[in-house]
Amino acid sequence: MQTISEIKMTLEQCDILQFPNVCKQYETDERKGVQKLIQTYQKRYTAHLQELQRLQDILRYERECYQQGYTLVAGVDEVGRGPLAGPVVAAAVILPQNHIIAGIDDSKKLTAKKREELCAIIKKEAVAWAVGVVSHERIDEINILQATYEAMREAIAKLDIPPQYILADAVTIPQIEIPQKGIVKGDAKSMSIGAASIVAKVTRDAMMEDLDKVYPNYDFASNKGYGSQKHLAGIAQHGLCDIHRRSFVKNLMQKTETQNKEKGNQGEFLAAKQMQKLGYRIIEQNYRSQYGEIDIIAEEGDVLVFTEVKFRKGTKTGLPAEAVDWKKQQHIIETAKAYLAEQNITDKDCRFDVAEVLEENGKKYFRYTENAFLA
């Protein structure tokens, strides 16, 4: 009698289509371990049959085209309509007639590894494939819907072999003379559209991973430009980078600027109060020039003090003073020069300080650094 381990090895090595015949040999084996194995492999066989049926079902729209005499059917889909940054990418894929690639589905349902594996197979087995890319600048110029259409048209135009019919995910593509059909959730209902969704997704993800090396403050390699917590935190700390879609982040930036202003006002009020306790005489707050702004101008004895205030809730993005980088320092120095010229002050000693207000666990902490940087 075979051991349970030997039976398991037999099942592992046999063709999945032979599962019913092989499992039948062990139906009378009353050992619980054997019966559990049989149940497991019967479920696997059932799942395999269901997947085969799914793959047949998602050829339905292509078969309808073949019956009408269209032998070159292109599936078209896009990726990147929702992100705050980066391009929108579309792909067009023509598969051989009645061709099945196991595993093809809506790209969002697949792991990154599986998408990459399938993408390589699709490119190898397709009659033709191509991608269209529309930049963030163009998205801002014509809006995301029109940019999506433009990317789709570009992908279709770049195909080495012109398609006779187009199956598109959810939309009817304007300015296309080729017969077409839009299918809602087409990436899960059509083999060709599913293939296009995978090629588009893999292409755009690779682009965003490369852009992450150029713009490392926004976690693009992980979020691919979507509004994740790390991405939004990067915008809050560093502002927008070159590849952000201004039309997408307009409302977000207005909200962020309002929040930052409220937070800054709160920090400046607390800093001024603490400085007065330390013996400083506040002369002016929020002095502005063409070069920038100085939060607090004060006197300590005969010294004129220009103080930059930084307020932060928590230290996840670093200590408050770390935000006063070299570029910020230069703006403060130029603004201080403008103040001195405006007030006709030529004989006073001056100093540049930084006041930090940190809020953690409901408590506020104050730290004051004299001579934080030099002109």
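E300, R351, D353 and E370 join up in a network of salt bridges in this predicted model. One link in the network can be followed in detail: E300 pairs with R351, and their closest N and O atoms are 3.0 Å apart. Because E300 sits in strand 7 (residues 292-300) and R351 in strand 9 (residues 349-360), this pair ties together parts that are 51 residues apart in sequence. The two partners also differ in their surroundings: E300 is partly exposed at 27% relative accessibility, while R351 is buried, with a relative accessible area of 8%. The cut-off for buried is under 20%, so R351 falls below it.

Let's widen the view to the other charged pairs. The count of salt bridges comes to 22. Among them is the one in which the side chains of R138 and E150 meet, at 3.0 Å from N to O. R138 belongs to helix 6 and E150 to helix 7, so here the bridge ties together parts that are 12 residues apart in sequence. R138 is partly exposed, with a relative accessible area of 26%, and E150 is partly exposed as well, at 24%. Another bridge brings together the side chains of K364 and E359, with 3.3 Å from N to O; K364 is partly exposed, at 40% relative accessibility.

Here are the three pairs side by side:

| Salt bridge | N to O distance |
|---|---|
| E300 and R351 | 3.0 Å |
| R138 and E150 | 3.0 Å |
| K364 and E359 | 3.3 Å |

Now for the nonpolar side of the structure. Which residues of the largest nonpolar core touch the most other members? They are V76, V88, I156, L159, I166 and I173, out of 24 residues in that core. The elements that each give two or more residues to this core are strand 1 (73-79), strand 2 (88-94), strand 3 (128-134), helix 6 (136-142), helix 7 (144-157) and strand 4 (165-169). Helix 7 is the biggest contributor, with 7 residues. Helices 6 and 7 therefore appear twice in this account: both supply residues to the core, and the R138 and E150 bridge links them.

I156 is a good place to look at the packing up close. Setting aside neighbours within four places in sequence, I156 is in contact with V76, A92, P163, I166, I173, I176 and I178. Of these partners, V76, I166 and I173 are themselves among the core residues that touch the most other members. There is also a second core, separate from this one, with 23 residues including I58, A91, V131 and V202.

Notes: Residues are numbered from 1 along each chain as its sequence is written. This is a predicted model: local features need pLDDT of at least 70, side-chain atom pairs count only at pLDDT 80 or more; totals for chains, interfaces and linings use all residues. Side-chain values use heavy atoms; hydrogens and water are left out. A nonpolar core is a set of buried Ala, Val, Leu, Ile, Met, Phe, Trp, Tyr and Cys residues joined through side-chain atoms within 4.5 Å. Buried means under 20% relative accessible area, exposed over 50%, partly exposed in between (1.4 Å probe, protein chains only). Helices (H or I, at least four residues) and strands (E, at least two) are DSSP runs, numbered from the N terminus. Contact means heavy atoms within 4.5 Å. A salt bridge is a side-chain nitrogen of Lys or Arg within 4 Å of a carboxyl oxygen of Asp or Glu.
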